[in-house]
Amino acid sequence: MKTNIGAPFGKDALILGIETSCDDTAAGIVRGGREILADEIITSAPRHVPFGGVVPEIASRAHTEAVEEAVKRAFSSSGVSPEEIDAVAVTYGAGLLGALLVGVSFGKALAFALDKPLVAVNHIRGHIAAAYLADKTLEPPFLTLLASGGHTAIICVKSFTEHEVLGSTLDDAAGEAFDKTARVLGLPYPGGPNVERLAREGANTVKLPKMLKGAGGYDFSYSGLKTAVVNYVHAAEQSKKPWSKADVAHSFQCAALDVLAEKLFAAAEERKIGVVAAGGGVSANGYLRERLAKEAAGRKMKLVLPEKRYCTDNACMIAAEGYIRYAQGEFASLDLNAEAYIPLKNASEPL
Ligand code: KG4
Ligand code: ZN
């Protein structure tokens with residue numbers, strides 16, 4: 001299937017995306033699955049800081065307060081009128097159930113009121129589709145490193161609608177390991193960016209396991225690394241000897257991210273695929289981005305890295321994936337429900 005996936009529904013279709021799976025209430029408008037016309041995010045992150053992580057009830061409440069405003073802003077900043085959009089695409093899963101339900105209910109009501117098709121979007125596919133916004137000429141096949149708070153996987157994007165999971169984490173996700181490391185180092189929520197900030201002041205001096213490095217095919221494992229960091233910090237705190245939190249952050253970052261880059265490029269070489277991409281919150285990490293850029297340049301491979309803003313949760317990626325679904329005529333009915341958990345499917349099955 002080619003880029004003009006818009007046929008028969010029009011390649012310049014305007015899709016409104018709505019995303020409420022975690023702590024960001026987002027609305028975006030994308031033309032033709034590629035061109036961002038509006039990108040609005042109202043985050044409830046500051047409200048979760050005192051609790052050290054996302055509190056589902058607070059997130060749901062915040063979405064309820066913000067969803068209409070985010071959508072209004074998307075229309076006004078783009079100059080697109082509600083009647084002009086071709087479809088409403090909404091994240092139906094995976095994520096926090098109560099949070100998802102806010103977006104799903106709002107999306108359904110809006111689609112019904114405007115008499116437009118409703119498109120249900122899998123959040124993970126949205127993260128993959130962010131690459132189409134970053135490179136408007138990008139077409140499958142390519143490999144994607146998906147690294148978010150809930151998933152870590154290498155995915156072969158075979159066509160706009162077909163994916164094959166080459167490997168994934170056997171236990172925790174990379175983002176979860178960042179969040180846990182942040183907590184044990186006493187860094188505030190959100191963990192990932194704060195570990196990255198601290199890591200810049202440190203060096204790779206703490207020996208930590210690189211889980212499944214050179215083993216396990218393209219699978220990953222983060223629980224051992226997470227435990228090693230916790231054990232190291234507890235032992236260091238008890239030893240009364242000086243130790244460097246920044247060194248722990250830096251060493252953790254290397255251990256957690258080097259293996260992602262290594263396996264991604266090993267998979268690309270094995271599959272003879274010269275285009276690689278990345279998506280999900282962890283791919284906003286500067287150290288990982290540099291590693292990926294270096295590895296790609298060394299192999300003369302093309303690397304498509306969405307801007308950091310489009311690695312973490314946003315609604316434009318939902319609109320981009322929504323466009324693909326819309327172009328297939330894959331419309332959801334108004335009894336669409338939210339799903340907290342959607343498994344990463346295996347070989348050749350659509351995600
Ligand atoms: O994709 P995302 O925004 O939400 C999910 O779908 O999960 O990813 C969130 C995850 C969190 O675990 C967060 O700590 C991590 O991505 N993250 C980062 C960075 N920014 C966000 N991890 C490492 N470095 C970052 N700069
Ligand atoms: Zn996400």
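Here are some worked exercises on this predicted model, taken one piece at a time.

**Exercise 1.** Look at the open sheet that contains E1: what is the order of its strands, and which strands sit at the edges?

Solution. Step one is to read across the sheet. You should get five strands in the order E3-E2-E1-E4-E5, and the pairing is mixed. Step two is to look at the two ends of that row. Strand E3 (35-43) and strand E5 (118-122) are the edge strands, and each of them pairs on one side only. Step three is to check how the strands sit relative to each other: on average, neighbours in this sheet are turned by 20°, ignoring direction.

**Exercise 2.** Find how strand E1 is joined to strand E4, then work out which helices pack on this sheet.

Solution. Begin with the pair itself. Strand E1 covers residues 14-19 and strand E4 covers residues 87-93; they run parallel, with four bridges between them. To pin down a partner, take Leu16: its bridge partner in E4 is Val88. Now bring in the helices. Helix H3 (residues 97-114) packs on the sheet and touches E1, E4 and E5. Its direction makes about 160° with that of E4. Helix H4 (residues 123-134) packs on the sheet too, touching E1, strand E2 (24-31), E3, E4 and E5. For H4, the angle with the direction of E5 is about 95°.

**Exercise 3.** Describe the surroundings of ligand 1: which residues come nearest, and how much of the ligand does the protein bury?

Solution. Start with the shell. There are 19 residues around ligand 1, and the nearest are His127, Gly149, Asp179, Glu196 and Gly281. By type, the shell splits into five nonpolar, eleven polar and three charged residues. Next, go through some polar atoms. The side chain of His127 has an N or O atom 2.9 Å from an oxygen atom of ligand 1. Glu196 puts a polar side-chain atom 2.8 Å from a nitrogen atom of the ligand. With Gly192 it's the backbone: one of its N or O atoms is 3.0 Å from a ligand oxygen. Then turn to the area. On its own, ligand 1 exposes 550 Å², and the protein buries 85% of that. Finally, ask where the shell comes from: H4, helix H5 (174-184) and helix H6 (191-199) are the elements that give two or more residues to it.

**Exercise 4.** Now take the open sheet that contains E6, and explain why one side of E8 and of E10 has no neighbour in the sheet.

Solution. Again, read the order: five strands, E8-E7-E6-E9-E10, with mixed pairing. Strand E8 (163-168) and strand E10 (302-304) stand at the edges with a single partner strand each, so one side of each is left without a neighbour in the sheet. Neighbouring strands here are turned by 25° on average, direction ignored. Strand E9 (residues 275-279) pairs with E10 in the parallel sense over three bridges, and Val275 stands opposite Lys302 in E10. To finish, add helix H8 (residues 245-271), which lies across strand E6 (142-147), strand E7 (152-157), E8 and E9, running at about 160° to E6.

**Exercise 5.** Hunt for backbone oddities: where are the cis peptide bonds, and which residue that is not a glycine has a positive phi?

Solution. First, the background: most residues other than glycine have a negative phi, and most peptide bonds are trans. The bond from Pro140 to Pro141 is cis, with omega near 5°, and Pro141 lies in the loop between H4 and E6. Another cis bond joins Tyr189 and Pro190, with omega about 0°; Pro190 lies in the loop between H5 and H6. For phi, the residue to find is Leu212, at about 55°. Leu212 is in the loop between H6 and helix H7 (223-239).

Key
Residues numbered from 1 in each chain as written. Chains lettered and ligands numbered in written order. Predicted model: local features only at pLDDT ≥ 70, side-chain atom pairs only at ≥ 80, totals over all residues. Heavy atoms only, no water. Pairing = 2+ DSSP bridges. Axes fitted to C-alpha atoms, helices over the stretch in contact; angles between N-to-C directions. Contact = heavy atoms within 4.5 Å. Near = heavy atom within 4 Å. Polar contact = N/O pair within 3.5 Å; in protein donor to acceptor, adjacent residues only side chain to side chain. Areas by Shrake-Rupley, 256 points an atom, 1.4 Å probe, with all protein chains shown as cover. Nonpolar A, V, L, I, M, F, W, Y, C, P; charged D, E, K, R; others polar.
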